[in-house]
Amino acid sequence: MPELPTDLELRRRQFKGQMSTVHTRRQQAVCVRRAYKRYGTKSNPYIILDGLNMTVPKGCIYGLLGASGCGKTTLLNCIVGRKRLNSGEIWVLGGTPGSRGSGVPGPRVGYMPQEIALYGEFSIRETLKYFGWIANMTTSQVDAKVDFFINFLMLPDADRQVKNLSGGQQRRVSLAATLIHEPELLILDEPTVGVDPILRTQIWNHLVEITKHGRTTVIITTHYIDETRQAHLIGLMRGGYFLAEESPEKLIQQFNAESLEDVFLKLSVIQNMGKRRRSSIAQTVTENIHVPTLPGAGAVNEGAVLDDELGGEISGEFGDNVSMNSRTGRVSIAPEPSADHPPELPPEEEPELSWKDHLKIVQMHHMHALIWKNFLWMWRNIPMMLFVIGLPVGQAILFCLAIGKDPNDVRISVVNNEIDYPSEHCRALLDCNNSRLSCTYLEYIRQNYSLDMKYYQTEEDARQSVVRGQSWAVMVVRHNFSDSLRNRLEYGKDVDEGDLFGSTISVYQDKSNENIATFLTRDLLFGFANFFSSYLSSCDVDTRIANLPIRWGAPAYGFENPNFTDFAAPGVVLTIIFFMAVALTSGAMLIERNEGILERSLVNGISGVELLSSQIFTQFIVMLGQTIMVLLVVFVFFALTQQGSWWLVFTITLLAGMCGMCFGFVVSCSCDTERTATYMALGSFLPIVMLCGIIWPIEAMDNYLKYISSVLPLTQATDSMRCVLARGWGMSKPVVYQGFVSLIVWIIVFLTISILVLKFKKG
Ligand SMILES: Nc1ncnc2c1ncn2[C@@H]1O[C@H](COP(=O)(O)OP(=O)(O)OP(=O)(O)O)[C@@H](O)[C@H]1O
């Protein structure tokens, strides 16, 4: 066995000076240099790619092999532009992924992710139609392809829904969706999992066929190492870089191995030896292992060791096949260009984009495919959509039924010493000489304020009923109430102490419930004022004597007896529409993202703006339905106060819904899981409800909170809608238009954040 260091030195001499140029890199289908990628933080990094070089010539099938978790998918994601390297270069089809005009992500690549990443509710035909349309194919072109793939991939009827297919069949549909637009670069992440050997052979034959003319390049990962024998090149990945990048035959031959698995094993041993040598671990472990001579070329990458020693970039390491071929005599992998198909050289520079291209932020065929897909999804989920539209209506009905009405049948305990209870019954007579005026008053408040009165003989018993929680208040009427009241009226300032005491009704309340206590106080006071006014009238006395010396004029806006429902309705309607939109949008986006469909669409060239625009369009239709239904329920069916323009009410509600939708985008773009999205949405719900003046006036808030409240999305909108509804104001009033302006500003802010997050949030 030759000395390893000698061999390394030999390789070192061979590679020296073979600097790959940008020109040569751009000629490859894919060229990766010094790729470094880590997950985790800088202080606690989890390194996935560590100085990896990769060269995929045009027209070849490149088998990317490596143990599970070694970073293959990460590398592929970087190649298609969906993840970014921490450092290093990637050239794909002559451009850098993600740059404008490079076509990557876009129609030039076809990406089959590891997960199924398809809509379960769609049929095979609809799935292929969606991906075909994204690639700007016509429906007839798609239909022709559907027939081909059904036969070729042995798929069942094209109208079968994807969710009803077996796992293997779903993978084949996923493969068909990747192949349908015949991209120049196919990236297939384990396409043959769950596929039987006959079909696997057929798929490989197809790949060989489509790469034959040099127009299509395939990068394929698989766990079945030996199936990559048909690949032109394979890259064996381990420890963040390639152990080798060579044709399978050459590798088997070089390593004198039976199979590629054998090669991989031997290379892994060599790699371990390198590491051990560096860490000065005794060589005894390796002495018993037979490692073949590494003849000639640098098929083996002692990456970490050599990097240290060589410094800088050496293309021959796994470098450009162009330079390696001449040196090492490696069999040319890319097919020779024929006279009929001269090789296309990639553009040297990024294509110049005209101002029209810069303005084109959405492409019509993308929008067509996305909107069609969104509506089709809704159509396939009709029960869910009915629930989505019905839910806000149900919430609005519950609000109108449950919130804001006066409490009924509030129990109060009465001790009326004017009557001989229980032998005597109260009779409510409105007569100037009535000696049982207390009965008239009690009956008046019982009927008008729906009080539930229970009579007691002693004050102590009545108090105990309140203490036991059976009653909200005790009223005690003195035995000479009627006469004392008349004397009090007659003698005015000369009235004696006994009459003052006797004409006073004592009330003891349970004030543990502020609302009930307030309602009861109001009812007893107003009830007495009204009763006394009627009594004075029956005695031909001016009723104004009974009034407090304050005259309440007719209200400028609103009613004599305003109700809480009218106060809360604007905020509640806006909150319902806002948060339904948040739930709907974030849910829809997260489903797409978590199932990998979003990623797949983005790789196929859909932009963040297109994605959001299509969602806005579709969700807008749903929201239109929700808004109309909620407004009908609240203002037509329950007839809550509506003094202003219907258009203003309708528009501000729609704007609140759009604002919620855009907030939903932010939630779904910034949260990775449904759970965090739910926490974020729920976490924002209560602050908005509490701080936006929906259930309590903002005027009652702490001064600092008032500032925070004033910039929240629903504060000004609620105020604006309240003014339209209760005062009938229009857009000429600042408080009204400010609500509209604040919603529009928030929509823009949320949309901008979502687009930026979608654009920049790559791993
Ligand atoms: N977003 C992420 N954050 C942190 N770690 C990640 C992330 N994505 C992947 N990883 C980790 O990086 C490593 C490489 O993952 P990757 O999916 O690229 O491996 P792989 O070679 O494709 O595996 P397999 O063959 O099983 O699909 C794995 O250990 C994985 O847990």
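This passage describes a sheet and the nonpolar cores of a predicted model.

The sheet is open and is built from three strands. Their order is β2-β1-β4, and the pairing is antiparallel. Strands β2 (45–56) and β4 (87–92) occupy the edges. Each has a single partner strand, so one side of each lacks a neighbour in the sheet. From one strand to the next, the twist averages 25°.

Strand β1 spans residues 30–40 and runs antiparallel to β4. Five bridges join the two strands. One pairing involves V30, whose bridge partner in β4 is V92. Helix α3 (residues 72–79) packs on this sheet. The helix touches β1, β2 and β4. Its direction makes about 120° with that of β1.

The nonpolar cores were examined next. The largest nonpolar core contains 153 residues. Within this core, I187, I577, A656, C659 and C662 touch the most other members. Helix α21, covering residues 564–594, gives the most to the core. Its contribution is 18 residues.

The contacts of I577 reach several parts of the sequence once residues up to four places away are left out. I577 then touches P392. Further contacts are made with M623, Q626, T627 and V630. The remaining partners of I577 are T653, A656, G657 and G660. Of these, A656 is also listed with I577 among the core residues that touch the most other members.

Another core lies apart from the largest one. This second set holds 24 residues. Among them are W472, A473, V477 and F532.

Notes: Residues are numbered from 1 along each chain as its sequence is written. This is a predicted model: local features need pLDDT of at least 70, side-chain atom pairs count only at pLDDT 80 or more; totals for chains, interfaces and linings use all residues. Two strands pair if DSSP finds at least two bridges between them. Helices (H or I, at least four residues) and strands (E, at least two) are DSSP runs, numbered from the N terminus. Axes are lines fitted to C-alpha atoms, for helices over the stretch in contact, and angles run from 0 to 180 degrees between N-to-C directions. Two residues are in contact if their C-beta atoms, placed from the backbone, lie within 7 Å. A nonpolar core is a set of buried Ala, Val, Leu, Ile, Met, Phe, Trp, Tyr and Cys residues joined through C-beta atoms within 7 Å. A residue is buried if 20 or more other C-beta atoms lie within 10 Å of its own, exposed if 12 or fewer, and partly exposed in between; C-beta atoms are placed from the backbone.
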